[in-house]
Amino acid sequence: MKLIERTSYLEELKKLRGTPDIKIITGMRRVGKSKMMEAYLAWVKEQDADANIIFVNFFDLAFEELKEYHQLYHYIESRYVANKKNYLFIDEVQLCPKFELAVNSLYASEKYDIYLTGSNAFLLSADLATLFTGRYIELHVFPFSFKEFCLYFSDRNDLDSLFDEFTVKGGLSGSYLYEDEKLRMAYLREVYATILNRDLVQKFNLPDTTTLNRLSEFLMDNISNLTTANNISNMLNADKVNTNHVTVQKYISHLCQAFLFYKIKRYDIRGRKYLESNDKYYLNDTGLRLAVLGTHNLDFGRMYENIVCIELLRRGYEVYVGKLYQKEIDFVAKKADEKFYIQVSDDISNPETFKREYEPLLKIKDAYPKLIIARTKHPDILFEGIRVCDIARWLAE
């Protein structure tokens, strides 16, 4: 399998080196958490040839006996070397029941620089606060970005054709190994099915897999649409899936905890407050949608909106759906003192479509930057102070 250096994540880990927190690499299944740990471990070896590195990979049968937390603890302690920098790396840590007892004890000794990865089903964000109260920092890994996709296929230099392919294939790089399209789609469907029917069902002991599957497909089919648990339960019941809004809300929470979907809340731009009703849900990777739903109800405008949302999250922004009077702004992106507004569209060559996108932005009276991201295939232009840019070129910045 071809490997590329995921520079942004590696740089984040480098900044965390030597800090007292437990560093935990999280993310959806198959996004490359273990490879990220391996790349960082290799860098540590280059930087400090004298470091004492303790590495446990629970997918390796050589560590089978350590799947008991006392044994894990004693194994690590027996390999501690005084007067050296001691690094501890544990991959797939959840395979050791009660691993947190061993890790918390090792953390308390203040002797180790600790790094963990684990299956999304067992290291959900909600669990980390309970397992490692105030002792951890989370590095969240996403599927390949478009920039990483281009790096992976560096033998090609046609940005537009690469973007068209990225929209269809998505960022789960394991699928790139399959030249046969049917096999590639089967790989993605297997990843998806494992998250739903093994990870989440096992984690939460869910009795109703039909509702979970139909709900997930509904969210996939309605990316970028405002929705509520009430509306979804009504639609599922109308489609002969017996459920209620309480179950729907609980299952949506599970899907988001497993990083399959991301919930984006609404923000009242004029009132400068967050709104509680009618959220949007975006899929972690567009390749999964095509693998599961096929081309049914395919809308490239909504696919592009999904890609932009995930890219903003990947770049570290807080993301909201903007509301201004009765108009909607696709995204309000915030990071520290930085803020900007974004409209996303498929094709703005039609003057009426272009007007529909820029009019809400012109009604915003503050001085923060405003963008229209569309499939223009041209360099940026400025229109009434609004930056109009091609989505492929914006992603590749």
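Trainee: Where does helix H1 lie with respect to the strands?

Mentor: In this predicted model, helix H1, residues 7–16, lies across strand S1 (22–27), S4 and S5. Its direction runs at about 170 degrees to S5. Helix H2, residues 33–47, also packs on the sheet, where it touches S1, S2, S3 and S4. The direction of H2 makes about 165 degrees with that of S3.

Trainee: In what order do the five strands form the open sheet?

Mentor: The order is S2-S3-S4-S1-S5, and the pairing is parallel. Strand S2 (52–57) and strand S5 (136–141) stand at the edges with a single partner strand each, so one side of each is left without a neighbour in the sheet. From one strand to the next, the twist averages 15 degrees.

Trainee: Which way do the residues of S3 point, and are they buried or exposed?

Mentor: The general idea comes first. In a regular strand, side chains alternate between the two faces of the sheet. In the present case, Asn86, Leu88 and Ile90 point one way from S3, while Tyr87, Phe89 and Asp91 point the other way. All of these are buried, and S3 is accordingly described as mostly covered, with six of its six residues buried.

Trainee: How many bridges join S3 to S4, and how many join S2 to S3?

Mentor: Five bridges join strand S3 (residues 86–91) to strand S4 (residues 112–117), and six join S2 to S3. Within the first pairing, Asn86 stands opposite Tyr112, and Ile90 stands opposite Leu116. In the second, the bridge partner of Asn57 is Asp91 in S3. Between S2 and S3 the chain crosses through helix H3 (residues 69–78), in a β-α-β crossover that is right-handed. The passage from S3 to S4 goes through helix H4 (residues 99–108), and this β-α-β crossover is right-handed.

Trainee: Turning to helix H10, which of its residues are buried?

Mentor: A general point helps here. An α-helix has 3.6 residues a turn, so residues three or four places apart point the same way. In H10 (residues 229–238), the buried residues are Ala229, Ile232, Ser233 and Leu236. Viewed down the axis of H10, they fall within an arc of 100 degrees, so they line one face of the helix. These residues pack against helix H9 (209–221) and helix H11 (245–257). After H10 comes Lys240, with a positive phi near 70 degrees.

Trainee: Which residue forms a salt bridge with Arg375?

Mentor: In general, side chains of opposite charge can pair when their charged atoms come close. Here the partner of Arg375 is Asp164, with the closest N and O atoms 3.5 Å apart. Arg375 lies in the loop between strand S11 (370–374) and strand S12 (381–383), and Asp164 in helix H7 (residues 159–169), so the pair ties together parts that are 211 residues apart in sequence. Arg375 counts as buried at 11% relative accessibility, whereas Asp164 is partly exposed at 35%.

Trainee: Which side chains meet that of Arg387 in salt bridges?

Mentor: One is Asp380, at 2.6 Å from N to O; another is Glu397, at 2.1 Å. Glu397 is in the segment after helix H15 (391–395) and Arg387 in strand S13 (residues 386–390), ten residues apart. Arg387 is partly exposed at 24% relative accessibility, as are Asp380 at 38% and Glu397 at 45%.

Conventions
Residues are numbered from 1 along each chain as its sequence is written. This is a predicted model: local features need pLDDT of at least 70, side-chain atom pairs count only at pLDDT 80 or more; totals for chains, interfaces and linings use all residues. Side-chain values use heavy atoms; hydrogens and water are left out. Buried means under 20% relative accessible area, exposed over 50%, partly exposed in between (1.4 Å probe, protein chains only). Helices (H or I, at least four residues) and strands (E, at least two) are DSSP runs, numbered from the N terminus. The arc is that of the directions from the helix axis to the C-beta atoms. Contact means heavy atoms within 4.5 Å. Two strands pair if DSSP finds at least two bridges between them. Axes are lines fitted to C-alpha atoms, for helices over the stretch in contact, and angles run from 0 to 180 degrees between N-to-C directions. A crossover is right-handed if, with the strands pointing away from the viewer, the path from the first strand over the helix to the second runs clockwise. A salt bridge is a side-chain nitrogen of Lys or Arg within 4 Å of a carboxyl oxygen of Asp or Glu.
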